[in-house]
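I opened this notebook to keep track of what I looked up. The entries are short and go from single terms to the whole chain and back to single residues.

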Amino acid sequence: METKVKLLKSIADHNRLRIIMALMTHEELCACQFIELLQFTGATISRHLSILNNVGLIKSRKEGRWIYFTLRKDNLSHKKFLDGLLEELKSTKESLAD
């Protein structure tokens with residue numbers, strides 16, 4: 001149960017939820033694209049990405065000076081949860097704008 005609580009806490013933040021939704025729509029995004037999408041500093045985006053990485057929702061790869069992020073697809077319970085969440089949120093005004 002502790003794992004689920006950490007998962008819920010990680011996406012309880014509005015901006016982290018937007019990051020997850022962006023990654024569900026686009027297979028892979030660069031950290032710079034999150035900066036542009038959310039209009040935050042690199043440090044703020046880095047903190048949000050770190051939280052999502054620590055609970056196992058996302059993973060990263062480095063290519064040159066760029067870091068790219070994807071959703072982890074190896075955790076089936078996370079995937080089912082996120083698929084249901086996306087279905088609920090995909091037609092919201094903010095989701096469509098992003």
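**Entry 1: terms and ground rules**

I began with burial: buried means under 20% relative accessible area, exposed means over 50%, and partly exposed is in between, with a 1.4 Å probe and protein chains only. I noted that this is a predicted model, in which local features need pLDDT of at least 70, side-chain atom pairs count only at pLDDT 80 or more, and totals for chains, interfaces and linings use all residues. Residues are numbered from 1 along each chain as its sequence is written, and side-chain values use heavy atoms, with hydrogens and water left out.

**Entry 2: the one aromatic pair**

I searched for ring pairs. Rings of Phe, Tyr and Trp (its six-membered ring) pair if their centres lie within 6.5 Å; planes under 30 degrees apart count as stacked, over 60 as edge-to-face and the rest as tilted. How many aromatic pairs does a search of the whole structure find? I got one. Phe-34 and Phe-69 make up this pair, and their arrangement is edge-to-face. Their centres are 6.3 Å apart, and the planes meet at 65°. I looked up where the partners sit. Phe-34 belongs to helix H3 (residues 31–38) and Phe-69 to strand E3 (residues 66–71), so the pair ties together parts that are 35 residues apart in sequence. Are Phe-34 and Phe-69 buried or exposed? I found both of them buried.

**Entry 3: the whole chain**

Next I listed the elements. Helices (H or I, at least four residues) and strands (E, at least two) are DSSP runs, numbered from the N terminus. I counted six helices and three strands in the chain. Read from the N terminus, the order is α-α-β-α-α-β-β-α-α. The radius of gyration is 13 Å, close to the 13 Å that the globule rule gives for 98 residues, so the chain is as compact as a globular protein of that length. That radius is taken over C-alpha atoms, and the rule is 2.2 Å times the number of residues to the power 0.38. Along its principal axes, the C-alpha trace spans about 35 × 30 × 20 Å.

I then checked cover and contacts. Of the 98 residues, 33% are buried. A contact means heavy atoms within 4.5 Å. Among contacts with a separation of 6 or more, 56% join residues 24 or more positions apart.

Charges came last here. I noted 16 positive and 12 negative side chains. Lys and Arg count as positive and Asp and Glu as negative, while His and the chain ends are not counted. The centres of the two sets lie 5 Å apart, with each charge placed at NZ of Lys, CZ of Arg, CG of Asp or CD of Glu.

**Entry 4: the loop after H3**

I moved to the loop between H3 and helix H4 (42–54), where Gln-39 lies. Most residues other than glycine have a negative phi. Gln-39 is not a glycine, yet its phi is positive, about 60°. Its relative accessible area is 61%, so I logged Gln-39 as exposed.

Phe-40 is in the loop between H3 and H4 too. At 31% relative accessibility, Phe-40 is partly exposed. Which residues does Phe-40 contact, leaving aside neighbours within four places in sequence? I wrote down Asn-15, Ile-35 and Ile-45. I also took a C-alpha distance: Phe-40 and Thr-70 are 20 Å apart in space and 30 residues apart in sequence.

**Entry 5: from H2 outward**

I followed Phe-40 back to Asn-15, in helix H2 (residues 14–25). Asn-15 has a relative accessible area of 14% and is buried. Beyond its neighbours within four places, Asn-15 contacts Leu-38, Phe-40 and His-48.

Leu-17 is in helix H2 as well. I logged Leu-17 as buried, at 18%. Not counting residues up to four places away, Leu-17 touches Ile-11, Leu-85 and Leu-89. Leu-85 is in helix H5 (residues 76–89). With the sequence neighbours again left out, Leu-85 touches Ile-11 and Leu-17. The C-alpha atoms of Leu-85 and Leu-17 are 9.7 Å apart, across 68 residues of sequence.

**Entry 6: a look at H1**

My last residue was Leu-8, in helix H1 (residues 2–11). Leu-8 is partly exposed, at 45%. From C-alpha to C-alpha, Leu-8 and Leu-52 are 11 Å apart, with their positions 44 residues apart in sequence.
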